[in-house]
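Me: I have a structure to go through, and I would like short answers with the reasoning shown. Please end each one on the value or name I ask for.

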Amino acid sequence: MSDDLYAGDKLLSAWLGLTSTLWNRRIVSAMPYNEAHVLGLLLRSREMGTGPMTATDLIRRTHLLKSQMNRLLSALEEKGYIHRVRSEADKRMAFIHLTPEGEAAYRVAHADVEAILAKLLDRIGEKRALAVAEQINDIVAALEDIFRQEA
């Protein structure tokens, strides 16, 4: 096996090990994963002051299908976790806002994740965690670029 294939295989193996370990543990048990993911994206967007997100923004970030996102947003809206506001400039576009109930539900669900992350940071250290996060983000960006070029 060439060194390139070996390195790629090791990367894939590590990635699959990480994702399957997290997925199989169901670390977000208080609500479905995709609900927690979307609520977290909305909360971080608000906290960073980047403004409300649209369904298109969420689809791009989560890689869910449009039909999946529509069902998910409808479920979140029924639970009172989000509300949608039509754009005045373009009535086809709706901005999605996190409600206080949605934030509270997310924080409850995310508490278990935060506890696990605290233990992980104790083991590997903040500096190493930040370096790995940067490397993973670089890999995701490279993969998205590759897939975009192949489309």
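Me: Is Leu 65 buried or exposed?
Reply: The model is a predicted one. Leu 65 sits in the loop between helix H3 (55-62) and H4. Its relative accessibility is 55%, and the cut-off for the upper class is over 50%. Leu 65 therefore counts as exposed.

Me: What distance separates the C-alpha atoms of Leu 65 and Arg 46?
Reply: Along the chain, Leu 65 and Arg 46 are 19 residues apart. In space, their C-alpha atoms are separated by 23 Å.

Me: In which network of salt bridges is Arg 46 linked, and with which residues?
Reply: The rule for salt bridges gives a count of 8. Some of these link up into a network that includes Arg 46. The other members are Glu 47, Glu 103 and Arg 107.

Me: How far apart in sequence are the parts tied together by the pair Arg 107 and Glu 47?
Reply: The closest N and O atoms of this salt bridge are 3.0 Å apart. Arg 107 belongs to helix H5 and Glu 47 to helix H2, so the pair ties together parts whose separation in sequence is 60 residues.

Me: Which of the classes, exposed or partly exposed, applies to Glu 47?
Reply: The cut-off for exposed is over 50% relative accessible area. Arg 107, at 40%, counts as partly exposed. Glu 47 has a relative accessible area of 52%, so Glu 47 is exposed.

Me: How close do the N and O atoms of Arg 107 and Glu 103 come?
Reply: Both residues lie in helix H5, 4 residues apart, which is about one turn of the helix. They form a salt bridge, and the closest N and O atoms are apart by 2.9 Å.

Me: What is the N to O distance in the salt bridge of Asp 145 and Arg 148?
Reply: Asp 145 and Arg 148 lie in helix H6 (residues 126-150), 3 residues apart, about one turn of the helix. Asp 145 is partly exposed at 34%, while Arg 148 counts as exposed at 56%. Their side chains meet in a salt bridge with an N to O distance of 3.9 Å.

Me: Which helix gives the most to the largest nonpolar core?
Reply: The core has 21 residues, and those touching the most other members are Val 38, Leu 39, Leu 42, Leu 58, Leu 73 and Leu 76. At least two residues each come from helix H2 (33-48), helix H4 (66-78), strand S3 (94-98) and helix H5 (100-124). With 6 residues, the one that gives the most is H2.

Me: Which residues does Val 38 contact, leaving aside its neighbours within four places in sequence?
Reply: Val 38 is one of the core residues that touch the most other members. With neighbours within four places left aside, its contacts are Leu 58, Thr 62, Met 69, Leu 72, Leu 73 and Leu 76.

Me: In what order do the 3 strands form the open sheet?
Reply: Strand S1 (residues 53-54) pairs with S3 over 2 bridges, in the antiparallel sense. Strand S2 (residues 82-86) also pairs with S3 in the antiparallel sense, over 5 bridges. S1 and S2 each have a single partner strand, so they stand at the edges. The order is S1-S3-S2.

Me: Which residue of S3 is the bridge partner of Arg 84?
Reply: S3 has a covered face made of Ala 94, Ile 96 and Leu 98, and an uncovered one made of Phe 95 and His 97. In S3, Ile 96 stands opposite Met 53. The bridge partner of Arg 84 is also Ile 96.

Me: What is the area of the nonpolar surface patch that Trp 15 helps to make?
Reply: Trp 15 lies in helix H1 (residues 3-25). At 31% relative accessibility it counts as partly exposed, and the cut-off for patch members is over 30%. Together with Leu 12 and Leu 16, Trp 15 makes a patch of about 270 Å².

How values were computed. Residues are numbered from 1 along each chain as its sequence is written. This is a predicted model: local features need pLDDT of at least 70, side-chain atom pairs count only at pLDDT 80 or more; totals for chains, interfaces and linings use all residues. Side-chain values use heavy atoms; hydrogens and water are left out. A nonpolar core is a set of buried Ala, Val, Leu, Ile, Met, Phe, Trp, Tyr and Cys residues joined through side-chain atoms within 4.5 Å. Buried means under 20% relative accessible area, exposed over 50%, partly exposed in between (1.4 Å probe, protein chains only). Contact means heavy atoms within 4.5 Å. Patches are made of residues with over 30% relative accessible area and no salt bridge: like charges are joined within 9 Å, nonpolar side chains (Val, Leu, Ile, Met, Phe, Trp, Tyr) within 5 Å. Accessible areas come from the Shrake-Rupley method with a 1.4 Å probe; for residues, only the protein chains shown count as cover. A salt bridge is a side-chain nitrogen of Lys or Arg within 4 Å of a carboxyl oxygen of Asp or Glu. Two strands pair if DSSP finds at least two bridges between them.
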